[in-house]
Amino acid sequence: MQQLETDDPEQIADYISNYLGHCEKWFGPAVNLKDKRVLILGSGWGTEALWALSKGASEVVGIDPELRDREPLDIALKNRGMEELMPRVSLLQHTSFDAPDLGQFDYVLSNNVVEHITGLSATLYSLRRFMPKDRRSRIVIFTDPLFFSSSGAHFYLRKWEHLTMGSARLKTRVSEVKWDNYRNTLNGMTITDMLGAVREAGLIILDLKIIADRHLSEFNKIAPFIPSGIKPMDLCLEGLFLKLSFPENL
Ligand SMILES: C[S@@+](CC[C@H](N)C(=O)[O-])C[C@H]1O[C@@H](n2cnc3c(N)ncnc32)[C@H](O)[C@@H]1O
């Protein structure tokens, strides 16, 4: 996912709109949001919120520990002639732990967030309180790029640059925002960690898709320069899609 390095609401609105295709590709086949209540875990500026509204969700609530101004999302809605849907969406500065009682949801969607969460299994478990018993509520997660993949630093300088270039040199090549994101917000999660967290949270996997690394064909050329303890499986897996359910929601 690209890093946003602007405060301009119009540019952020464009960024939000640019993700509609991505959301459609990954979440579209997995959900039916018509007249459904949707919780977004890690809603950021409203990327998935815009898409969920465009798919007919009756209400969309985004939670994110970072405070985000509503203006860019409202601009994106206006630009698409969807301003009458503004009252259906709220972006709240909360985590799943400290959020007030928000009622119950049919779906929890999360895009490019789980690789930023500390305490992943506890966070997944905490979603239980938003899912009504005996309703077919689902959690749908997409994340890319995973930390050890060729683009895992989110720098896009070279393939696997964060594992082959010394950090002193690397730091001089990227902006402060990108460096801070790399050093302080990524949890280094692997597929094994993710599946462990899903299992620990008591969730059931209904669908699982993987995205092989986009630079797979160059892996063997670069592998000798990568520290040997890191497993090829983690180095060559770029992204994950998961559709999950708690047993009581089956
Ligand atoms: C890369 S951004 C993605 C934002 C948005 N989903 C998108 O695709 O545009 C990751 C987001 O996860 C949020 N985040 C970090 N830890 C979180 C947590 N424990 N619960 C919910 N969101 C979290 C961050 O604040 C950030 O907004």
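Glu83 counts as exposed, because 12 C-beta neighbours lie inside 10 Å of this residue, in a model that is predicted. The residue is placed in the loop between α4 (71-79) and β3. When residues up to four places away in sequence are left out of account, Glu83 touches Leu77 and Lys78. Glu83 and Glu248 are 165 residues apart along the chain, and their C-alpha atoms are separated by 36 Å.

The strand that follows this loop, β3, belongs to an open sheet of 7 strands with mixed pairing, in which the order is β3-β2-β1-β4-β5-β7-β6. Since β3 (89-93) and β6 (204-212) each have a single partner strand, they stand at the edges, so one side of each is left without a neighbour in the sheet. On average, and with direction ignored, neighbouring strands of this sheet are turned by 15° against each other. At the end of the strand order formed by β7 and β6, helix α9 (residues 191-200) lies across β6 and β7 (237-245), and runs at about 10° to β7.

Within the sheet, β1 is placed between β2 and β4. Strand β1 (residues 37-41) runs parallel to strand β4 (residues 107-111), to which it is joined by 3 bridges, and β1 also runs parallel to strand β2 (residues 59-64), with 5 bridges between the two. On the β4 side, Leu39 stands opposite Val108, and Ile40 has Leu109 as its bridge partner. On the β2 side, the bridge partner of Arg37 is Glu59. The chain passes from β1 to β2 by way of helix α3 (residues 47-54), in a β-α-β crossover that is right-handed.

The coverage of β1 was examined residue by residue. The strand is mostly covered, with 5 of its 5 residues buried. Arg37, Leu39 and Leu41 point one way from β1, whereas Val38 and Ile40 point the other way, and all of these residues are buried. Leu39, which thus points one way from the strand together with Arg37 and Leu41, is the residue that stands opposite Val108 in β4, while Ile40, which points the other way with Val38, is paired through a bridge with Leu109 in β4.

The surroundings of the ligand were considered last. The ligand is surrounded by 17 residues, of which the closest are Gly42, Gly44, Thr47, Glu66 and Val113. By residue class, the shell around the ligand divides into 9 polar, 5 nonpolar and 3 charged residues.

Conventions. Residues are numbered from 1 along each chain as its sequence is written. This is a predicted model: local features need pLDDT of at least 70, side-chain atom pairs count only at pLDDT 80 or more; totals for chains, interfaces and linings use all residues. A residue is near a molecule or strand if its C-beta atom, placed from the backbone, lies within 6 Å of it. Ala, Val, Leu, Ile, Met, Phe, Trp, Tyr, Cys and Pro count as nonpolar, Asp, Glu, Lys and Arg as charged, and the others, Gly among them, as polar. Two strands pair if DSSP finds at least two bridges between them. Helices (H or I, at least four residues) and strands (E, at least two) are DSSP runs, numbered from the N terminus. Axes are lines fitted to C-alpha atoms, for helices over the stretch in contact, and angles run from 0 to 180 degrees between N-to-C directions. Two residues are in contact if their C-beta atoms, placed from the backbone, lie within 7 Å. A residue is buried if 20 or more other C-beta atoms lie within 10 Å of its own, exposed if 12 or fewer, and partly exposed in between; C-beta atoms are placed from the backbone. A crossover is right-handed if, with the strands pointing away from the viewer, the path from the first strand over the helix to the second runs clockwise.
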